[in-house]
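Me: Got a few minutes to go through this model with me? I'll just fire off questions as they come.

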Amino acid sequence: MIRPRNERPRARITGTGRYSPERVVTNTELESLVDTSDEWIRTRTGIRERRIADDDTSTADMGAAAAREAMGRAGIEPEDIDVLILSTATPDRLLPSTACDIQASLGAKNAAAYDITTACSGFPYGLALAEGHIAADQAKTVLVISAEKMSAIIDWSDRSTCVLFGDGAGAAVVQPAEDERGILSTFTKSDGTLAELLWRPAGGASIPLDIAVLDSRSHLVQMAGPEVFKAAVRSMCEAAGSALERAGVAAEEIDLLVPHQANIRIIESTAKYAGIPMEKVYVNVDRYGNMSSATVPLALDEARETGRVGPGSLVLLVAFGAGFTWGSAVVRL
Ligand code: ACO
């Protein structure tokens, strides 16, 4: 029998951190790469620029940098980490997991480390897992990292996708809650029947990488933009409503909505459906583009640093991604 939520040890985010590559790529720069314009990108997506990692910076490097910041804020040492969860759609290699590389880099020698591949909704999924590890008394300190080097898997000759994405990482330390602050609800859901609307068709075990795959560029991201747009709005709205309902929290009580940053129009639709005015919505898609699962934790950390949220703030996190997958959480910081 499932114990009622209030009888289980609850979990709390005790520190957040982020990493952004230094190199800024503006829309205007992309005009020399593909047939596009700053005006088209801004009006359709809200994106003005994105950060792109250099060749020497890996997904693990970005994830470890964000994790170090989060650990510093939580006041923990690498040995304190019991579980390290990395959400990424851009693992540095397929075997072993990139989480293990980050574990080695941090010196988190007591941790169990694993990757999750739920694309852009990885951070709410990671929080749900962290919450579960703590509720089951399997861990006292869980590190949830989302790190994405989208520039490595997008087709730079495809204008319908290459203008949308960027690189970066965000992280959070999750530990048992000691007071009313903590993760009040999580919600996760998927629909695998729509996988082919946003995918990398080849390069895995079913169609291994070979010259034909490379020539056809089918190992890179392909997306049916308008169909994904509709599913994203539908799913983000469901995720927002479900997390609020599970937490027993009204939309008016939310101090800040931190949505996945793929497209300003999807963000506006989600906020409208959830009944949250845009003044209470964190938006940075203009500066970073879509960094897949890194968007939500990076935005949360920026919101904390800029004073948009502080101890005790009530925050709604909502994300949607390939799979399709979607997820959300209500958190009292
Ligand atoms: N520059 C100029 N024109 C372009 C570009 C570009 N970069 N890309 C496409 N176009 C053209 C198309 O070819 C099309 O031209 P046509 O009418 O002559 O055929 C026209 O612009 C309109 O294309 P649409 O795809 O209909 O444009 P839309 O308004 O749907 O916007 C967009 C496209 C921005 C991709 C939108 O559909 C979208 O945001 N979809 C959701 C994407 C998303 O959220 N993905 C990520 C979620 S999951 C995850 O994060 C991994």
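Me: Where does serine 218 lie?

Reply: Serine 218 is in the loop that runs between helix H7 (211–216) and strand E10 (222–223). Helices (H or I, at least four residues) and strands (E, at least two) are DSSP runs, numbered from the N terminus. One caveat up front: this is a predicted model, where local features need pLDDT of at least 70, side-chain atom pairs count only at pLDDT 80 or more, and totals for chains, interfaces and linings use all residues. Residues are numbered from 1 along each chain as its sequence is written, and side-chain values use heavy atoms, with hydrogens and water left out.

Me: Is serine 218 buried or exposed?

Reply: Serine 218 counts as buried because its relative accessibility is 13%. The cut-offs are under 20% relative accessible area for buried, over 50% for exposed, and partly exposed in between (1.4 Å probe, protein chains only).

Me: And what does serine 218 touch?

Reply: Leaving out residues up to four places away in sequence, serine 218 touches Arg200, Pro201, Ala202 and Val213. Contact here means heavy atoms within 4.5 Å.

Me: Switching topic: how many disulfides are there?

Reply: Zero. A disulfide would be a pair of cysteine sulfur atoms within 2.5 Å.

Me: Why no bond for cysteine 162?

Reply: Because the closest cysteine sulfur, in cysteine 120, is 16 Å from the sulfur of cysteine 162, which is too far. Cysteine 162 is also buried, at 0% relative accessibility, while cysteine 100 is partly exposed at 31%.

Me: OK, domains. How is the chain divided?

Reply: Into domain 1 (5–178) and domain 2 (184–332), with bounds from an automatic or database domain assignment. Their C-alpha centres lie 13 Å apart, and 54 residues of domain 1 are in contact with 46 residues of domain 2.

Me: Which domains supply the lining of the second largest pocket?

Reply: Domain 1 and domain 2 each give at least three residues to that lining. There are 13 lining residues, and Ile13, Thr14, Arg181, Arg304 and Leu333 lie nearest the pocket's centre.

Me: Which element gives the most to that lining?

Reply: E1, with five residues. Strand E1 (11–19) and helix H11 (295–305) each supply at least two.

Technical notes:
1 Å grid on protein atoms, 1.4 Å probe; cavity = no way out; pocket = protein on both sides within 12 Å on 5 of 7 lines; lining within 4 Å.
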